[in-house]
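Below are some points on backbone geometry and cysteine pairing for a colleague to go through alongside the coordinates.

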2 protein chains.
Amino acid sequence: MKTRFDLDQHDLPTTWYNVLADLDRPLKPPLDPRTNEPIAPEALAALFPRACIEQEVATDRFIDIPEPVLEVYRRWRPTPLHRAVHLERALRTRARIYFKYEGASPTGSHKTNTAVAQAYYNRIEGVERLATETGAGQWGSALAFACRTFGLDCVVYMVRISFEQKPYRKTMMRTFGAEIFASPTDRTEAGRRILGADPDSPGSLGIAISEAIEEAIRSTATKYSLGSVLNHVLLHQTIIGLEARRQMESAGETPDVVVGCVGGGSNFAGVVLPFFHEAKTRSRPIRFVAVEPRVCPTLTGGETRYDFGDTAQTTPLLWMHTLGHDFVPPPIHAGGLRYHGVAPIITHLVEDGIIEPVAFDQTDVFESAVLFARTEGILPAPETAHAVHAAVRIARDCAAQDEEKVILIGFSGHGHFDMSAYAAFLDGALSRATTGAGASTAQLGESRLFC
Amino acid sequence: MKTRFDLDQHDLPTTWYNVLADLDRPLKPPLDPRTNEPIAPEALAALFPRACIEQEVATDRFIDIPEPVLEVYRRWRPTPLHRAVHLERALRTRARIYFKYEGASPTGSHKTNTAVAQAYYNRIEGVERLATETGAGQWGSALAFACRTFGLDCVVYMVRISFEQKPYRKTMMRTFGAEIFASPTDRTEAGRRILGADPDSPGSLGIAISEAIEEAIRSTATKYSLGSVLNHVLLHQTIIGLEARRQMESAGETPDVVVGCVGGGSNFAGVVLPFFHEAKTRSRPIRFVAVEPRVCPTLTGGETRYDFGDTAQTTPLLWMHTLGHDFVPPPIHAGGLRYHGVAPIITHLVEDGIIEPVAFDQTDVFESAVLFARTEGILPAPETAHAVHAAVRIARDCAAQDEEKVILIGFSGHGHFDMSAYAAFLDGALSRATTGAGASTAQLGESRLFC
């Protein structure tokens, strides 16, 4: 039985899909926090290259991928689509489970899709250096790779507690030649302010964002790069879903459900938005299930309102689901899902009832991750394992109802740098952490989820 | 420019290549150490399944790969062949460098190619459980995956010092459901004997082999599995080179040089032997360069004689290059290359002048590994980095001579589980370890190597 559906290199998509062309109502604009008025795109010119700012508000349905970006993509793209028949058999389900595998990228996750595009656009506009923040290091290592590829310098503010506890992603970034600092640092005013109040601060993503932005603003040769949330970042990730559509077609399938994990939302959007386009243009009903950790339940337990993207309130205000910009999630292993907010595009589609959010406990998530590894041979990253768990739950419900369903998992990355999390789970030492704000909402989410 | 040469799944080879059909003189047989007479194949029946024992002495040129093995291979095979143009540019060389990437397998190295075949043959012969040893854990994790895939139990004796210092491979094996013991254990006579003499023994591959063999012998439901050295293991790895031949053809190239790292020799044989066949049948001169660590210089500094495969002298005697079965290599990071002996097939071809051995220091090797990562975006395993370094040296010599050469690297695996080695190198804390027995021989090897 054929279980892997490769796409020929000639079939690599040459455009990204821009969902802004297909929304029934416009996105609420980002606001300038000083005036509460919509922020002009040019106000972002100190941070981002012109091309990305244009993409932030573009309304063309398809946007050309520059040839030099395609050339880098071709090192590992198109990524494979697999059918998880061994998992299906273990679950004794009639559901057919597919997964789109982004772990094949140089740094092991989907993050390279936008890192390469952003580095390229900065490069052709004469930028010499990119500053960014990273938590567990997935984003930082993707940007370090992309900067090295296009000959840019790269400086990464890494949340101090991850810097100390997760040395391997840091080593990967160093191998690619990036400069890495444990944030908060004394290199920025934002960092010095925090250290003044608490010399032992473990740092946070919010603080690291503020430091990277400050570094970008003070030099014209340096710009800032963000790994999720913004429209242009989600745009670059749509290559995942565009490939997956063709691969599902070649498998003779249309998904009934697409599931993905959600932190800032870029991986989820990447796999889902092209299928949203398909559902819309071909009037096919497809369910889109967004999976988050129960202890950081942005979509299932947050408010929908304007909020800052960072703790230090330096970003524009974004209309999004938020747990509050000062929310500090518990230290679960899925570091990429520990974000208080979410991409405005995701919030928009949740408000319109198109995306269904759900939240799970990390112990349940790891149970499915181990089941997946034992059946399919691939160890999911803790973030990805959230999507895997949702697929497992849906497939089990299908088995109980004797229903067929075609499930597509956006498999954002492998777990090679998260083995300590697997060890903790196998040792029974993983905390359930059920006491998050979203527990009851998540129950609601679950009951809506399944066949 | 096209830099990745994928092979369609339909073109996955369906046979392995058996070099025993093409040797100019017969291999020297393994001997029974009690009689010094050739050992009868059936004497190995307590350890290995019948199919593997037959393959050990088979003379058919091509041997069918069973369909259930092909089905598992198809999860990640054919693996990609890349042209390393970015590395070429950095080296300002006219050499064209290709690499056959085995890091795409579930456990990140070539080891799965034989693990899957061995688990399958054991399964169909009614075996319930496989015992093996592992050093750094590449082999153990491959066999753990393969056993899980075919429903066998798996018990791994892991060298104690690696068990303690390298927890992540151990976690991967546990995730696949294997039982792992820090060797020496008190589960076997061999282990108890060692512990009696030295309760704090750090263990060695030789001891772990003895324990695994003892466990296999005492139960008919359990057999033993070896990850390198033996003919049938090398046979299973030839899928690498068979694919690479077709991919090089589709790139319009024939290699002038094929380089690979050598520990027990299975990865090297896997990529090289099918090109040996090509060189022989099409009278094309191809150089085959075997790369080893200077501090464990089996081929460049060892003797050629009959020796045991393990420290405790429980295996048959094999005709091979050896540093002596009690040789303990320094603890370099390339754990997979720390073996006192080598596959008899490799020794045979070195004796015949077909394979050219060379040895390098690990600091030089890591310099090339970092260069490779920074240009090609992939972090080689420390073992693989030895082959990368040889290719870099050859390409640099080509640049100096303004010569064209086509170099093919057998890229055995990624370095995701070896990041501490990269950190040590970047910190300048990696020992050069130039004082191995092979230093002068290796210099000789180097001078012979290049354009």
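**Notes on the predicted model**

1. At a relative accessibility of 51%, Asp402(B) counts as exposed. This residue of the predicted model sits in the loop of chain B that runs between α16 (382-401) and β17 (406-411), and although Asp402(B) is not a glycine, its phi is positive, at about 50°. Most residues other than glycine have a negative phi, and the backbone at this position therefore merits a look.

2. In chain A, Gln313(A) likewise calls for a check: it is not a glycine, yet it has a positive phi of about 60°. Its place is the loop between β14 (303-308) and β15 (317-322) of chain A, and with a relative accessible area of 43% Gln313(A) is partly exposed.

3. A positive phi, of about 95°, is also found at Gly177(A), just after α7(A). Helix α7 of chain A covers residues 167-175, and its buried residues are Arg169(A), Lys170(A), Thr171(A), Met172(A), Met173(A) and Thr175(A); Arg169(A) and Lys170(A) are thus listed as buried together with Met172(A) and Met173(A).

4. Two cis peptide bonds should be inspected in turn. In chain A, the bond that joins Arg77(A) and Pro78(A) is cis, with omega at about -10°, and Pro78(A) belongs to the loop between α2 (67-73) and β6 (81-83). In chain B, Ser183(B) and Pro184(B) are joined by a cis peptide bond whose omega is about 5°, and Pro184(B) is found in the loop that lies between β10 (179-183) and α8 (189-197).

5. How many disulfides does the count give over all chains? The count comes to zero. For Cys154(A), the closest cysteine sulfur is that of Cys147(A), and because the two sulfur atoms are 4.0 Å apart, they are too far from each other for a bond, the cut-off for a disulfide being within 2.5 Å. Cys154(A) counts as buried, at 6% relative accessibility.

6. Cys261(A) is in no disulfide either, and the nearest cysteine sulfur, which belongs to Cys296(A), is 12 Å away. Is Cys261(A) buried or exposed? Its relative accessibility is 5%, and Cys261(A) therefore counts as buried, given that the cut-off for a buried residue is under 20%.

Notes: Residues numbered from 1 in each chain as written. Chains lettered and ligands numbered in written order. Predicted model: local features only at pLDDT ≥ 70, side-chain atom pairs only at ≥ 80, totals over all residues. Heavy atoms only, no water. Buried < 20%, exposed > 50% of the residue type's maximum accessible area, 1.4 Å probe, protein only. Helix = DSSP H or I, 4+ residues; strand = E, 2+ residues; numbered from the N terminus.
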